[in-house]
Amino acid sequence: MAFCVTNVNAISLVDDTIGGSTCLTSTSNNISIVRGATFNLIFDLQNNTTDSQGVVTTAPANLSGYSVNAVIKDSSTSTTQLLFASTQNRMISIDFTNARATLTIPVKNTSRLPVGTKYYFINLVASDGNTQKIIQGIATVSDT
């Protein structure tokens, strides 16, 4: 199964074993974060399956055994993280029934981000540790 990002609100998990579907492995979505305010980003994960006649069906993805994490950095290649959010530190929650993930960065964390252009990455992590970047983009941090 390959992961396909269609937009920030619906991320598709594509079964590409039939018909050789191709899709993006990640998508760029720029976000704006206001320092001192709670930031929320909600996205849905879908499983798209194509049958032998080319008919595509869509359903919420089965996220059992997966977690999600997010990183904000000064540059796309920086090894220093300005922020790390995960299901473990409770800044990311997953509604497994509806395959919806919510990234919530509370005020105490947005207040610590430096103003300017930053880069963020959101990853889907399998129980075996395999990680796939599903959303990435520029995070503009401002005081207003």
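**Stop 1: the cavity lining**

Select the residues that line the largest cavity, and colour them by class: 11 are nonpolar, and no polar or charged residues appear there. Keep in mind as you go that this is a predicted model. The residues to pick are Ile31, Ile33, Phe39, Ala70, Val71, Ile72, Leu83, Leu103, Ile105, Tyr120 and Phe121.

How is such a space found? Rolling a probe the size of a water molecule over the atoms shows where empty space is left. Here, a search of the whole structure turns up 1 cavity of 30 Å³ or more, and the volume of the largest cavity is about 40 Å³.

Now show the strands around the lining. Which strands each supply at least two residues of it? They are S4 (31-34), S7 (66-73), S10 (100-105) and S11 (116-126). Strand S7 gives the largest share, with 3 residues.

**Stop 2: the whole chain**

Zoom out and switch to a cartoon view. You should be able to find 1 helix and 12 strands. Following the chain from the N terminus, the elements run β-β-β-β-β-β-β-β-β-β-α-β-β.

Next, turn on the surface. The accessible surface of the chain comes to about 7,500 Å², and carbon and sulfur atoms account for 48% of it. Of the 144 residues in the chain, 42% are buried. If you look at contacts between residues at least 6 apart in sequence, 59% of them join residues at least 24 apart.

**Stop 3: the nonpolar core**

Hide the surface and select Ile33, Phe43, Leu103 and Ile122. In the largest nonpolar core, which has 28 residues, these four touch the most other members. The elements giving two or more residues to this core are S4, S5 (39-50), S7, S8, S9, S10, S11 and S12.

Stay with Leu103, which you have already met in the cavity lining. What does Leu103 touch, not counting residues up to four places away in sequence? Its partners are Phe39, Asn40, Leu41, Ala70, Ala85, Met91, Ile92 and Ile122.

**Stop 4: the helix**

Move on to helix H1 (residues 107-110) and click on Asn109, which lies in it. Is Asn109 buried or exposed? Its relative accessibility is 11%, so Asn109 counts as buried. Leaving aside residues up to four places away in sequence, Asn109 touches Leu83 and Met91. Leu83 is also one of the residues lining the largest cavity.

**Stop 5: two residues with positive phi**

Select Arg90, in the loop between strand S8 (81-86) and strand S9 (92-95). The phi angle of Arg90 is near 65 degrees, a positive value in a residue other than glycine. Arg90 has a relative accessible area of 76%, so this residue is exposed.

Then go to Ala99, in the loop between S9 and S10. Ala99 is not a glycine either, yet its phi is positive, at about 55 degrees. What about its surroundings? The relative accessible area of Ala99 is 0%, so Ala99 is buried.

**Stop 6: a loop serine**

Finish at Ser127, which sits in the loop between S11 and strand S12 (131-142). Why does Ser127 count as exposed? Ser127 does so because its relative accessibility is 68%, and the cut-off for exposed is over 50%.

Last, add Ser64 to the selection and draw a distance between the two C-alpha atoms. Ser127 and Ser64 are 63 residues apart in sequence, while their C-alpha atoms are 8.8 Å apart in space.

Definitions and conventions. Residues are numbered from 1 along each chain as its sequence is written. This is a predicted model: local features need pLDDT of at least 70, side-chain atom pairs count only at pLDDT 80 or more; totals for chains, interfaces and linings use all residues. Side-chain values use heavy atoms; hydrogens and water are left out. On a 1 Å grid over the protein atoms alone, a cavity is a set of points where a 1.4 Å probe fits but cannot get out, and a pocket is an open set with protein on both sides within 12 Å along at least five of seven lines; lining residues have an atom within 4 Å of a point. Grid points are joined across faces, edges and corners, and a volume is the space filled by probe spheres set on the points. Helices (H or I, at least four residues) and strands (E, at least two) are DSSP runs, numbered from the N terminus. Ala, Val, Leu, Ile, Met, Phe, Trp, Tyr, Cys and Pro count as nonpolar, Asp, Glu, Lys and Arg as charged, and the others, Gly among them, as polar. Buried means under 20% relative accessible area, exposed over 50%, partly exposed in between (1.4 Å probe, protein chains only). Contact means heavy atoms within 4.5 Å. Accessible areas come from the Shrake-Rupley method with a 1.4 Å probe; for residues, only the protein chains shown count as cover. A nonpolar core is a set of buried Ala, Val, Leu, Ile, Met, Phe, Trp, Tyr and Cys residues joined through side-chain atoms within 4.5 Å.
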